Amino acid sequence: MASPQPQQINVADLDIQQLADVRRQLEEELNHLTNSFAQLKQAQSKFRSCIENVAEVKPKNKGTTILVPLTNSLYVPGKLSDTEHVIVDVGTGYYVKKTRAEATKYYEAKVEFIRNNLETLSETIQKKQDNMNYLINVMQAKLQAQAQGSSKAAS
């Protein structure tokens with residue numbers, strides 16, 4: 001069974017109240033998309049930071065005292081004993097032991113995946129903003145026509 005195509009409506013055919021409702025909906029969608037964009041940027045930044053952190057684990061740093069994160073805000077001192085492997089958080093509480101090269105490759109793939117999603121999301125946001133601008137222009141034209149119509153009727 002084919003999915004039904006969304007019905008297209010010319011916004012110029014809508015009245016002011018309907019246009020205001022469409023504008024409100026577009027604003028909500030834009031806010032949601034913009035928040036999602038910011039969250040993806042933040043996640044991308046964290047993965048880039050992980051790449052930098054993996055690069056700091058070098059054989060010459062073996063035995064160095066480091067701070068080991070137990071939670072987001074609790075760190076304990078420890079000694080770097082294995083400089084060839086790191087523990088990678090792969091999500092939902094799962095951790096995997098990887099070589100430095102594997103960890104770097106994993107995080108670079110994550111950064112690239114998010115970059116692609118950011119590009120797609122950016123295009124979507126731009127289209128929504130274009131729709132919003134067109135809608136505002138239509139609303140202003142209708143309000144102007146309405147004001148001119150009421151001023152002619154009053155004369």
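Let's start with Asp15, which sits in the segment before α1. This is a predicted model, by the way, so please hear everything today with that in mind. With a relative accessible area of 41%, Asp15 is partly exposed; the cut-offs here are under 20% for buried and over 50% for exposed, so 41% falls in between. If you have the viewer open, look for Leu143 as well. Asp15 and Leu143 are 128 residues apart in sequence, yet their C-alpha atoms are 9.9 Å apart in space.

Now to the pocket, which I suspect many of you came for. The largest pocket holds about 1200 Å³ of space. How many residues line it? The answer is 31, and those that lie nearest its centre are Asn53, Val68, Pro69, Ile87 and Tyr107.

Where does that lining come from, in terms of helices and strands? At least two residues each are supplied by α1 (16–56), β1 (65–69), β2 (75–79), β3 (85–91) and β4 (94–99). Helix α1 gives the largest share, with seven residues. As for chemistry, the lining of this pocket divides into 17 nonpolar residues, eight polar and six charged.

Let's move to the surface. Ile66, Val68, Leu70, Leu74 and Val76 make a nonpolar patch of about 370 Å². Val68 should ring a bell, since we met Val68 a moment ago among the residues nearest the pocket centre. Leu70, another member of the patch, is in the loop between β1 and β2. Is Leu70 buried or exposed? Its relative accessibility is 55%, so Leu70 counts as exposed.

For a contrast, come with me to strand β3, where we find Val86. Val86 counts as buried because its relative accessibility is 12%, and the cut-off for buried is under 20%. Val86 also has a partner to look at: Arg100 is 14 residues away along the chain, and the two C-alpha atoms are separated by 6.3 Å.

Last stop, and one for the backbone fans. Which residue has a positive phi although it is not a glycine? That is Thr92, with a phi of about 45°. Thr92 lies in the loop between β3 and β4, and at a relative accessible area of 76% Thr92 is exposed.

So, to recap the stops: a partly exposed Asp15 before α1, a pocket lined by 31 residues, a nonpolar patch that includes Leu70, a buried Val86, and Thr92 with its positive phi. Thanks, everyone, and I'm happy to rotate the model for anybody who wants another look.

Technical notes
Residues are numbered from 1 along each chain as its sequence is written. This is a predicted model: local features need pLDDT of at least 70, side-chain atom pairs count only at pLDDT 80 or more; totals for chains, interfaces and linings use all residues. Side-chain values use heavy atoms; hydrogens and water are left out. On a 1 Å grid over the protein atoms alone, a cavity is a set of points where a 1.4 Å probe fits but cannot get out, and a pocket is an open set with protein on both sides within 12 Å along at least five of seven lines; lining residues have an atom within 4 Å of a point. Grid points are joined across faces, edges and corners, and a volume is the space filled by probe spheres set on the points. Helices (H or I, at least four residues) and strands (E, at least two) are DSSP runs, numbered from the N terminus. Ala, Val, Leu, Ile, Met, Phe, Trp, Tyr, Cys and Pro count as nonpolar, Asp, Glu, Lys and Arg as charged, and the others, Gly among them, as polar. Patches are made of residues with over 30% relative accessible area and no salt bridge: like charges are joined within 9 Å, nonpolar side chains (Val, Leu, Ile, Met, Phe, Trp, Tyr) within 5 Å. Accessible areas come from the Shrake-Rupley method with a 1.4 Å probe; for residues, only the protein chains shown count as cover. A salt bridge is a side-chain nitrogen of Lys or Arg within 4 Å of a carboxyl oxygen of Asp or Glu. Buried means under 20% relative accessible area, exposed over 50%, partly exposed in between (1.4 Å probe, protein chains only).
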